[in-house]
Amino acid sequence: MDHYSTWTRKLRHRVLAGSCVAALVFGSGFAAWAQDKALPAGDIIAARKTLMSVIARNMYPLDEMIYTGKINLPRGRGHADSIAAMMQAFPLLFPVHTNAWKPGTADPASATFADPHIWEQFDFFYKESMAASKYAFDASRAETEAQFRKNVQELRLTCDGCHATFQKNN
Ligand code: HEC
């Protein structure tokens, strides 16, 4: 538990401050849905990996805007809007039967790097996804460069923090 504690504390703070979406969405239905094994695990894993790749493709231009200081607000808002929608869908692609990470996996294209801790701390994982979605949404609606910058930076911290906690490195 120790390796989580700093991040967890930071996040709780952020989640409390940031996410009302989570409160609305995270509810009774999910646990029951997660038991449904009708869909093949490999297909769901491939879908969430694709979703994450496309999220990343939309994030790189935003990182670049922050890095160079050259903010193109209309373009940045569009990318952020896409990320917001995709981050909202992302945690729905983690039903329990897709808890399938194995050490030293041979095929990085199809194998999952989702840490089994996700399923032990699913509500935290879910709230993190919603926090990322909310930062992206707020960036997509930013009226000033300062608002945009702040939300994109928080979003980037949320990506990196979730990966540090919930993504395997091999
Ligand atoms: C709430 C947790 C969480 C958040 C937030 C998150 N990710 Fe991820 N990300 C994951 C997990 C888990 C995986 C591994 C998925 C798998 O292999 O099944 C992953 C995988 C990835 C991958 C590898 C995809 C592939 O091809 O296998 C990229 C790139 C990525 N994330 C980028 C991002 C970016 C950019 C953001 C922020 C805009 C972000 N992620 C936000 C949890 C998160």
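The paragraphs below go through this predicted model from its overall make-up to single helices, then to three residues of one helix and to the ligand.

The protein chain holds eight helices and zero strands, so that, read from the N terminus on, its elements run α-α-α-α-α-α-α-α. Of its 170 residues, 26% count as buried. Among the contacts in the protein chain with a separation of 6 or more, 75% are accounted for by residues 24 or more positions apart. Confidence in the prediction averages a pLDDT of 84 over the chain, and 75% of the residues score at least 70. Over residues 1-28, however, the pLDDT is below 50, although in the model this stretch has 26 contacts beyond near neighbours in sequence.

Helix α5 is a convenient place to begin. It covers residues 73-89, and because each of its 17 residues should add 1.5 Å, a span of 24 Å is expected, with which the 25 Å between its end C-alpha atoms agrees. The buried residues of α5 are G76, H79, A80, I83, A84 and M87. Seen down the axis of α5, these buried residues fall within an arc of 150°, and therefore they line one face of the helix. The general background to such a pattern is that an α-helix has 3.6 residues a turn, so residues three or four places apart point the same way. On the face of α5 that is turned away from the buried side lie the exposed residues P74 and R75, whereas the buried residues of this helix pack against α4, α7 and α8.

Helix α8 can be read in a similar manner. It has 22 residues and reaches 31 Å from its first C-alpha to its last, close to the 32 Å expected at 1.5 Å a residue. Buried in α8 are F148, N151, V152, L155, T158, C159 and C162. When the helix is viewed down its axis, the buried residues of α8 fall within an arc of 115°, so they too line one face. The exposed residues A146, D160 and A164 are carried by the face of α8 turned away from that buried side, and the partners against which the buried residues of α8 pack are α4, α5 and α7.

Helix α7 calls for a separate description. Its 19 residues should span 27 Å at 1.5 Å a residue, and its end C-alpha atoms are 27 Å apart, which agrees. Of these 19 residues, 15 are buried, and α7 is therefore largely enclosed by the rest of the structure.

Helix α4 is a packing partner of the buried residues of α5 and of those of α8, and three of its residues illustrate its surroundings. I55, found in α4, counts as buried because 20 C-beta neighbours lie inside 10 Å, where 20 or more are required. The C-alpha atoms of I55 and M87 are separated by 7.7 Å, although the two residues are 32 apart along the chain; leaving aside neighbours within four places in sequence, I55 is in contact with I83, M86 and M87. L62 is likewise found in α4, and with 26 C-beta neighbours inside 10 Å it counts as buried. Not counting residues up to four places away in sequence, L62 touches G76, H79, A80 and V152; of these, G76, H79 and A80 are among the buried residues of α5, while V152 is one of the buried residues of α8. L62 and N72, which are 10 residues apart in sequence, are 9.1 Å apart in space, C-alpha to C-alpha. P61, also found in α4, is partly exposed, since it has 14 other C-beta atoms within 10 Å. P61 and G76 lie 7.5 Å apart, C-alpha to C-alpha, and 15 residues apart in sequence.

The ligand brings several of these helices together in one description. Of the 23 residues around the ligand, those that come nearest are M52, A56, T112, C159 and C162, and C159 and C162 are also among the buried residues of α8. The helices α4 (41-68), α7 (122-140) and α8 (145-166) each supply at least two residues of the shell around the ligand, with α4 giving the most, namely eight residues. By class, this shell has 14 nonpolar, six polar and three charged residues.

Key. Residues numbered from 1 in each chain as written. Predicted model: local features only at pLDDT ≥ 70, side-chain atom pairs only at ≥ 80, totals over all residues. Near = placed C-beta within 6 Å. Helix = DSSP H or I, 4+ residues; strand = E, 2+ residues; numbered from the N terminus. Nonpolar A, V, L, I, M, F, W, Y, C, P; charged D, E, K, R; others polar. pLDDT = per-residue confidence, 0-100. Contact = placed C-beta atoms within 7 Å. Buried ≥ 20, exposed ≤ 12 C-beta atoms within 10 Å, placed from the backbone. Expected span 1.5 Å × (residues − 1). Arc of directions from axis to C-beta.
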